[in-house]
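Visitor: Hi! Could you walk me through this one while I have it open on my screen?
Guide: Happy to, let's bring it up.

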Amino acid sequence: MGSTRMPNKVMHKIIDTPMIKILFDRVSLSKKINKIILATTTNHNDDLLANYLKHINYDVYRGDEVNVLDRYYQAAEKENADVIVRITGDCPLVDSSLVDQCVQEFKNSNVDYFSNIEPPTFPDGLDIEVMSLASLKIANKEASTKYDREHVTPYIHKNPEKFQISNFENDIDLSNFRWAVDEKDDLLFVKKIVSKLNKKPILINDILNVIKNEPKIFEINLNVNRNAGDKKSTKEDIEFLKNREKQNE
């Protein structure tokens, strides 16, 4: 709730539904996850968020605002979780089937940490990290910098000699697309997508099809943390998607 760029953003409504509920409901479609927990802060300004999630029957753990790594670890240990999937609260378009793919690949790879962000090849807003409780425990014990503790997993990324790490890459690089919500234009983009796709679940290809058919929608938030090179690359991505679709016809 304390986002500086967009205060209270997780409770902003998308088609009459708070963004956080859309996110949690989409994650709940996963077949590989058996519990979803909101790991938020003990600050009073997060009372509304915590109470709302409890009211709609989701579990809540509250911990330190800055030491997010410890907050994650304590939430996982409390639930005796063996595998932890990390999804941030600004990703309402997360794809439950992609979550399941990452969890399965984590298990198949027999690694400590698995993600689709090192390097990213999926749209910003579909970031998924999967890790063992043991690796999270080591990171929580050994990470010393404020940055590592605030951002949860950098200590793992930076120490491949301590952790077995693997990454899931998409068949085409879609990392220039932005589906996360940090600013008002991001929220407008998500509202447009959800209004066009009144269905469950909304999958990656569903969103890509909307963008292919109505390219102006992707331009709504293209200026958020994007430069001219990114714009060019994203337009090229859309042309690539269109050409690939023609080849498959």
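Guide: One term before we start: a salt bridge here is a side-chain nitrogen of Lys or Arg within 4 Å of a carboxyl oxygen of Asp or Glu. Also keep in mind that this is a predicted model.

Visitor: Okay, so how many salt bridges turn up in the whole structure?
Guide: The search finds 15 of them. One of them pairs Glu-183 with Arg-5, whose closest N and O atoms are 3.9 Å apart.

Visitor: Where in the chain do Glu-183 and Arg-5 sit?
Guide: They come from distant parts of the chain, 178 residues apart. Glu-183 is in the loop between strand 8 and helix 8, while Arg-5 belongs to the segment before strand 1 (13-14).

Visitor: Anything else in that early segment?
Guide: Yes, Asn-8 is also in the segment before strand 1. Its phi is near 60°, a positive value in a residue other than glycine. For background, most residues other than glycine have a negative phi.

Visitor: Switching to peptide bonds: which two residues does the cis one join?
Guide: Glu-118 and Pro-119, with omega about 5°. Pro-119 is found in the loop between strand 6 (113-115) and strand 7.

Visitor: Now the sheet. What order do the four strands come in?
Guide: The order is 5-7-6-8, in an open sheet with mixed pairing. Strand 5 (83-86) and strand 8 (165-167) are at the edges with a single partner strand each, so one side of each has no neighbour in the sheet. On average, neighbouring strands are turned by 15° against each other, ignoring direction.

Visitor: Do strands 5 and 7 run parallel or antiparallel?
Guide: Antiparallel, and four bridges join strand 5 to strand 7 (residues 129-132). If you want a spot to click on, Val-85 stands opposite Val-130 in strand 7.

Visitor: And which helix packs on the sheet?
Guide: Helix 5 (residues 133-142), which touches strand 5 and strand 7. The direction of helix 5 makes about 85° with that of strand 7.

Visitor: Last topic, pockets. How much space lies in the second largest one?
Guide: About 370 Å³. It is lined by 15 residues, and the closest to its centre are Ile-22, Val-194, Asn-198, Lys-199 and Lys-200.

Visitor: Which helix gives the most to that lining?
Guide: Helix 1, with four residues. Helix 1 (19-27) and helix 8 (184-196) each supply at least two.

Visitor: What about the chemistry of the lining?
Guide: The residues lining the second largest pocket divide into seven nonpolar, three polar and five charged.

Notes:
Residues are numbered from 1 along each chain as its sequence is written. This is a predicted model: local features need pLDDT of at least 70, side-chain atom pairs count only at pLDDT 80 or more; totals for chains, interfaces and linings use all residues. Side-chain values use heavy atoms; hydrogens and water are left out. On a 1 Å grid over the protein atoms alone, a cavity is a set of points where a 1.4 Å probe fits but cannot get out, and a pocket is an open set with protein on both sides within 12 Å along at least five of seven lines; lining residues have an atom within 4 Å of a point. Grid points are joined across faces, edges and corners, and a volume is the space filled by probe spheres set on the points. Ala, Val, Leu, Ile, Met, Phe, Trp, Tyr, Cys and Pro count as nonpolar, Asp, Glu, Lys and Arg as charged, and the others, Gly among them, as polar. Two strands pair if DSSP finds at least two bridges between them. Axes are lines fitted to C-alpha atoms, for helices over the stretch in contact, and angles run from 0 to 180 degrees between N-to-C directions. Contact means heavy atoms within 4.5 Å.
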